[in-house]
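Biologist: Could you take me through one part of this model up close? I'd like to hear about the charged side chains that pair up, and how open to the outside they are.

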Amino acid sequence: MTLSQRERNKRDKQARILAAARDAFRAHGFDGTTLKQIASDAGIGHGTLFLYAPTKEALLVQVFKSELGKLIVQSFADMPPVDIRSQLHHMFGIFIEAHAQDPELFRPFLREVMAVSGPHISEVKAFVQD
């Protein structure tokens, strides 16, 4: 399937936003990061960012859906074909290792996901259930 120029631009912009947010959260933490800073780093207008993420919490959820999604795919790709205990140990081990290697990125997500409420809670629950 060939994407239109508009769709390619939209995906490129989304990727730049996620990369800028990921880098800002790592460098400045969740509280020290502003949406204005992320928009500037992504090379887009502040108002445009709101079309992709209406709040900083929504953007954090998007970043971690992307990051955790990769880890989930990895954990299932090399899942040991033994008992459930070994499989759970394997899966959670990947998440623990990722947190240990990149605490600046994972720490705010864990803190914020525990306190997420309002419209973002349904998105977080849906991601976890998937």
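Modeller: Let's start with R16, which has a relative accessible area of 31% and so is partly exposed. Keep in mind that this is a predicted model. The partner of R16 is D12: their side chains form a salt bridge, with N and O 2.5 Å apart. To call something a salt bridge here, we want a side-chain nitrogen of Lys or Arg within 4 Å of a carboxyl oxygen of Asp or Glu, and the 2.5 Å for D12 and R16 fits that. Why can these two reach each other? D12 and R16 sit four residues apart in helix α1, so about one helical turn separates them. D12 is partly exposed as well, at 40% relative accessible area.

Now slide along to another pair in that helix. Helix α1 covers residues 5–28, and in it R11 and E7 are four residues apart, which again means a separation of about one helical turn. Their side chains meet in a salt bridge too, at 3.2 Å from N to O. How open are they? R11 has a relative accessible area of 49%, so it counts as partly exposed; the line for calling a residue exposed is over 50%. E7 comes in at 28%, which also makes it partly exposed, as buried would need under 20%.

Then there's D23 with R26. The closest N and O atoms of this salt bridge are 3.9 Å apart, and the cut-off is within 4 Å, so the pair makes the count. Here the spacing is three residues in helix α1, and that too works out as about one helical turn. D23 is partly exposed at 46% relative accessibility, and R26 is partly exposed at 31%. By this rule, the count for the model comes to three salt bridges.

For a change of scene, have a look at helix α5, which runs over residues 84–101 and is where you'll find I96. With a relative accessible area of 60%, I96 is exposed. What does I96 make together with I84, L88 and F92? These four make a nonpolar surface patch of about 430 Å². A residue needs over 30% relative accessible area and no salt bridge to be part of a patch, and I96 clears that area cut-off because its value is 60%.

So, back to your charged side chains: find helix α1 in the viewer, pick out D12 and R16, and look for the about one helical turn between them.

Notes. Residues numbered from 1 in each chain as written. Predicted model: local features only at pLDDT ≥ 70, side-chain atom pairs only at ≥ 80, totals over all residues. Heavy atoms only, no water. Helix = DSSP H or I, 4+ residues; strand = E, 2+ residues; numbered from the N terminus. Buried < 20%, exposed > 50% of the residue type's maximum accessible area, 1.4 Å probe, protein only. Patch = residues over 30% accessible without salt bridge, like charges linked within 9 Å, V, L, I, M, F, W, Y side chains within 5 Å. Areas by Shrake-Rupley, 256 points an atom, 1.4 Å probe, with all protein chains shown as cover.
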